[in-house]
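Visitor: I am new here and would like a short tour. Could you walk me through it?

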Amino acid sequence: MALTRRQFLTTVGGGTLGAVIAAACGIPEDELFVQSPAEMPEDMVTGLDNWYATLSHGFPTSEGVVVRVMEGRAKKVEGNVDYPINRGRHSARSEAMLQDLYNPDRIKGPMARVGERGDGNWEEIGWSDAISRVVYQLEQVSAARQNREVVLATGPMVSHAGVVVDKFINAYRGTHIGYEPLENTNLRTVMKNLFGQDRLPDFDIENTNYLLSFGADFLNTWISPVRYMRGYGEFRQGDRERGTLVHIDSRFSMTSANADENVFVKPGREGLLALSMIQVIVSSGLGDPVAARDITGGGAVDLEQWAPENVAEATGVSAEKIKHIAEQFATHRPALAIGGGSAGAHTNGLFNLTAIYSLNYLVGAVNAPGGLIFNPAPATDDLADAEANLKVGSAADWREVIRAMTDGDVKVLMTDGSDPMYGLPGALGLREASYNVPFIFSFASQLDDTTAMSDLVLPAHTSLEEWGTDVPAAGPGHQVVGFQQPVVRPFFEGRGEELGTKSMSDTLMAIAGKLGIDLGLDATDIKGVVENAARALFNENRGSVRADDFRAFWAGVLQRGGWWDTDSVANAGTVTTKQLPANAPAPEFAGPAGSEGSFHLVPFSSTSMGEGQGAHLPWLQATPDPLTSATWQTWVEINHKVAKLRDIREGDVVRVVSAFGGDGITAIAYPHPGVPTDVVSIPLGQGHKAGGRYAEGRGGNALSILADRLDDETGALAWAATRVTIEKVGDWKRLPKFENNNPDFARDENQRIIKITPTDS
Amino acid sequence: MADEKWGMVIDVDRCTGCQACVVACQSENNIPINDEGLFNQQRANQWIRIERTWEGEYPDVKARFMPVLCQHCDDAPCEPVCPVYATYHNTEGMNVQIYNRCIGTRFCANNCPYQVRFFNFWEPEWPESLKNQLNPDVTVRSRGIMEKCSFCVQRIRRTGRNAKRDGTVVEDGDRALNPACSNACPTGALTFGNLKDENSAVAKLAEKEMHGENGRGYHLLEEMGTHPSVIYLKKVDPTAEKVTEEAHG
């Protein structure tokens, strides 16, 4: 049939009309999906994704993660639901592992210094050349074989990378020193002294009824924040009655913000406050009677000197409040007292933590549900050895190492990217002393401040490219060995054998091989070491992964991201209650006195960047601080009324000066209503001298102006014991913050969004 | 009509303000890097943000946190003002943005009482190596385009497609279905799911807290009548009375 023009138009028009009617009926919804953000026609996804389990390291407790990989590229990090520490949850820092892997400023191949040390001029060399240079330097040392000629500074690690490091350094009778920016030496000492424990415990927050926390910013950055937050969610709105959190601190932290009751204490007086609470509990008979007797040595310790009325002035907390909290703590069990952070970072830090953790004796919180849960020794012998041999350096230990450097005793210094030159107080003088060390080399993926001061850089894989294991810094109360596997091929693999990055452990093993040192590892690379570790666990035939043959077991531990045995808990034995100290030492501070208009400086770890470890990652730089919403810069938090008196407004650039660190640092003022009047707070993380486009030359480093005051007993750095003055420099700089990015919501006073009491709606 | 109405319950009593959700969202959704300049221009882009509110002052001071994202309103003020139908309501209760229709009038952002729509004032830029991380399921938006939280629609679509292929159904709480923010949240403050499925965790929570005795549920800016798909649960604070009274004199 011939189609006339008119018939054609009628047919087409009718069809179009039909399509429009169909559309109106909602039929083409699928078609609209195609235009949704998920599936734009021009970039339709055809690939499939794989998720691999591995570990996110060092913040400071590892998290188990799964990584989405498409076509050989890592795309997304999420928590591993099986991993006992974080159970599917994860921090912003774990997410940013992707930007570590694909960071534009990664070191792409071995580099040797050209010109003066620290000038920043490098030439790329091949791996064979680089290893020959290291071997040559170490051969000079091994001829002499004196103690301490070789120093290796790494992050604290109980892992098979740690096993390799430990065996390597032992071959030289050298020093392996674990570097921890805001050290937990006092905390570990207290665990040993009070409870006989060699490692940090778990805190059973989810089963606690009353949580008393002193200085420990555990919801933000302290020890294992994701694990604690997981417990906190249940503590608040789990199946049990809602728990009560009382936070005692000398600054207003994120944990303070989440507390039911927030108590400000004078810096360094946390221990005195805890003793006073012990006095209330013991004198009112609310505590466990046996513990109450033992804690005073049967009356040998005079508790009355610490009665609330006697300490109210020194602590800055009213006697009524001390009594109230102590009574609530003792009568709302299970109760738990934790302490750390700034509370343990004074010249009397060990005393403070001793008094705080002693509270747990009185409420039966020692190795009990809702209290402290002890952690067992690592599951394998080699990990147990690595843990036993690991020396996490206190400031006193560092002082000794630095003295050896100054004296010219140290011939070779190695670091692993943990960056002590950035994080140790300038007053300790590591940077200056390093000029006396003939050879410094660094295994690092970024040109951090310490790596920038080295002679040779051996570029390291990032976490997502290498094999490894990890025993969490604070375990979950039972044995865990996390397994780390490469989820993608090394990013610079295409540069060939002589360039690109390598695992630090593999490099150390290769160097040992060239030197003819037998590390006794029964493997030629770290993958072999990890596989041997899995074989040891396979032979145990217990725990979360069991199989008939090793192949299946190996697949199992890699799929699940690790191995753990919930039955393998600490053998606590009998914990005897230790007697309290007879006296309460007062904290000492360095710097101008309060009468000269100075403030206590209480620095704190950045929520996202920690103590600077995340400064090269743009997501973490751009993550707003929870309280100020500030990003990308260093700010100083000051009480808003004090600021007004001193004519300091937000954005004013101020110079923060201590008696240390030269001219001090500059920071942008951020007055807010939560800061105590005699305290200023500065976040850590910025002020890098090197570190690539995102980190370098940004803000100031508060660590550089800290006094080198140490704890009287342990030699731990008293990083909250510095006093500073503040002066305006005359500049104004906008603080890059998210606050005011959007207009505030209008608040409706009739629409209450806070439930005042548990029964009020 | 679809069998789904996606919704979220946010328990403010669990939220600590840690920002894990914020970074998880940026990673999943190819949100441009918020550099220092963008913050200074007040043009930073965060599909989910944590609002912080001060109450009182030292020594009786409180800070409150509240995660805010697109509320996926049933009566969304952003939808009727779009001259090109770039923002519309789909049958699953989501407020959806079609990037290749958007012409950047910003009327929608102007009309959104929750301030959760973000405009690309600049062409997003990543250093070459960082582009390897970009999520292939999500379009990179260009300059002049409005964007906002999509409840990670790409995950909903992917799990739906996979279930169809495998002859299964998408289960409540499937981590491949949940938005990135919800999976990340360390305290479990964000519960996502199908409000039409009465057995889903989100529906049970919504029913209990919105209609149960002593429920803590409410909607953000409820008086606007936008009927959001996001339900907030009140913060519980036995000591709040004192601080708020003092704060208001």
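Visitor: What radius of gyration does chain B have, set against a compact globule with 249 residues?
Guide: Keep in mind that this is a predicted model. A compact globule with 249 residues would have a radius of gyration near 18 Å. Chain B agrees with that, and its own value is 19 Å.

Visitor: How much of chain B is buried?
Guide: The C-alpha trace of chain B spans about 50 × 45 × 35 Å along its principal axes, and the chain holds seven helices and eleven strands. Of the 249 residues in chain B, the buried share is 51%.

Visitor: Which helix of chain A gives the largest share of the side that touches chain B?
Guide: Contact between the two chains involves 86 residues of chain A and 76 residues of chain B. On the chain A side, the residues divide into 39 nonpolar, 29 polar and 18 charged. The largest share there is seven residues, and it comes from helix α8 (residues 225–237) of chain A.

Visitor: Where on helix α13 of chain A do its buried residues fall?
Guide: Helix α13 (residues 319–331) of chain A has 13 residues and reaches 18 Å from its first C-alpha to its last, close to the 18 Å expected. Its buried residues are A:Ile322, A:Ile325, A:Ala326, A:Phe329 and A:Ala330. Seen down the axis of α13(A), they fall within an arc of 125 degrees, so they line one face of the helix.

Visitor: Which strands of chain A do the buried residues of α13(A) pack against?
Guide: Their packing partners in chain A include the helices α10 (270–283), α12 (308–315) and α14 (349–362). The strands they pack against are β9 (210–214), β10 (244–249) and β12 (335–339).

Technical notes:
Residues numbered from 1 in each chain as written. Chains lettered and ligands numbered in written order. Predicted model: local features only at pLDDT ≥ 70, side-chain atom pairs only at ≥ 80, totals over all residues. Helix = DSSP H or I, 4+ residues; strand = E, 2+ residues; numbered from the N terminus. Expected span 1.5 Å × (residues − 1). Buried ≥ 20, exposed ≤ 12 C-beta atoms within 10 Å, placed from the backbone. Arc of directions from axis to C-beta. Contact = placed C-beta atoms within 7 Å. Nonpolar A, V, L, I, M, F, W, Y, C, P; charged D, E, K, R; others polar. Rg over C-alpha atoms; globule rule 2.2 N^0.38 Å.
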